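Visitor: I am new to this structure and would be grateful for a close look at a single part of it. Kindly choose one strand and explain its surroundings.

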Amino acid sequence: MTTKVCNGNINSSWKNGTVLISGAGLIGLTIAHMLDKLSIPYSIYDRDENENFRGQGWGITLHWALEDFLSLLPVELHKDIYESEVLENFHLKDTGNFIFINAGTGETVVRIPPTKRLRVRREGIRKTLLKQVDVHWGCEAEDVEINQDASDLID
Ligand SMILES: Cc1cc2nc3c(=O)[nH]c(=O)nc-3n(C[C@H](O)[C@H](O)[C@H](O)COP(=O)(O)OP(=O)(O)OC[C@H]3O[C@@H](n4cnc5c(N)ncnc54)[C@H](O)[C@@H]3O)c2cc1C
């Protein structure tokens, strides 16, 4: 763990008015791309030593957030997102319901009708989101301090 170096990075970022993001998961990386699009400087930190330190799991389905999610990313990454699809080009013929079943009773709890959606491999989508983002690996956030008088943080 390179705590000392991380502290140095964080302190200088903070002084520069840079947004600090803790966690290079799907959400942190999406925020990083969004800030980049808005030309807002950011620094992103993750507790893991590198991007391959931890398995990312199986698949994730992007439902109603798909269009908004893509709009936050550079256009050149959209192709890679679609190439992370669990079953190649399945979105072109996906007419099924997405059903959540109560395993105890067998009853359907939620039924999401066919919509524009994309089921992608978690490893694939994370690798894509890591493109163009420089993560500070091995930096674990240990505490968050909330300053009630945050006026000094705003220009
Ligand atoms: C079984 C399952 C199925 C799911 N299916 C779907 C689905 O189909 N569709 C959908 O939209 N959502 C789904 N979700 C929810 C979705 O996975 C999460 O909302 C999403 O992964 C959250 O992203 P995240 O970046 O917040 O967290 P994560 O992807 O967990 O990333 C967190 C990152 O933060 C780092 N980190 C953690 N602690 C620290 C720290 N103290 N300091 C620095 N770094 C730290 C970790 O190393 C990691 O890289 C599912 C969740 C589960 C559990």
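Guide: The account below begins with the chain as a whole, turns to the strand β6, and then visits the ligand and some exposed positions.

This is a predicted model, in which local features need pLDDT of at least 70 and side-chain atom pairs count only at pLDDT 80 or more, while totals for chains, interfaces and linings use all residues. Residues are numbered from 1 along each chain as its sequence is written.

The protein chain contains five helices and seven strands. Helices (H or I, at least four residues) and strands (E, at least two) are DSSP runs, numbered from the N terminus. Their order along the sequence is α-β-α-β-β-α-α-β-β-β-α-β. The radius of gyration of the protein chain is 19 Å, whereas a compact globule of 155 residues would have a value near 15 Å. That radius is taken over C-alpha atoms, and the globule rule is 2.2 Å times the number of residues to the power 0.38. Along the principal axes, the C-alpha atoms fill a box of roughly 50 × 40 × 35 Å. Of the 155 residues, 11% are buried. A residue is buried if 20 or more other C-beta atoms lie within 10 Å of its own, exposed if 12 or fewer, and partly exposed in between, with C-beta atoms placed from the backbone.

The strand β6 spans residues 118-121. Its covered face carries Leu118 and Val120, and its uncovered face carries Arg119 and Arg121. β6 pairs with β3 in the antiparallel sense over four bridges; two strands pair if DSSP finds at least two bridges between them. Within β3, which covers residues 59-62, Gly59 stands opposite Arg121 of β6. Beyond its neighbours within four places in sequence, Val120 is in contact with Gly59, Ile60, Leu62, Ile81, Ser84, Glu85, Val86 and Ile125. Two residues are in contact if their C-beta atoms, placed from the backbone, lie within 7 Å.

Leu118 and Val120 also belong to the largest nonpolar core, which has twelve residues in all, including Ile44, Tyr45 and Ile125. Such a core is a set of buried Ala, Val, Leu, Ile, Met, Phe, Trp, Tyr and Cys residues joined through C-beta atoms within 7 Å. At least two of the core residues come from each of α2, β2, β6 and α5.

The partner strand β3 leads to the ligand: α2, β2 and β3 each give at least two residues to the shell around it. The largest share, three residues, comes from α2. Of the 15 residues around the ligand, Gly23, Gly25, Ile27, Arg47 and Ala141 come nearest. A residue is near a molecule or strand if its C-beta atom, placed from the backbone, lies within 6 Å of it. The shell has six nonpolar, five polar and four charged residues. In this scheme Ala, Val, Leu, Ile, Met, Phe, Trp, Tyr, Cys and Pro count as nonpolar, Asp, Glu, Lys and Arg as charged, and the others, Gly among them, as polar.

Some exposed positions complete the picture. Ser39, in the loop between α2 and β2, has a positive phi of about 60° although it is not a glycine. Ser39 counts as exposed because 6 other C-beta atoms lie within 10 Å. Asn89, in the loop between α4 and β4, has a positive phi near 60° and is likewise not a glycine. Asn89 is exposed, with 10 other C-beta atoms within 10 Å.
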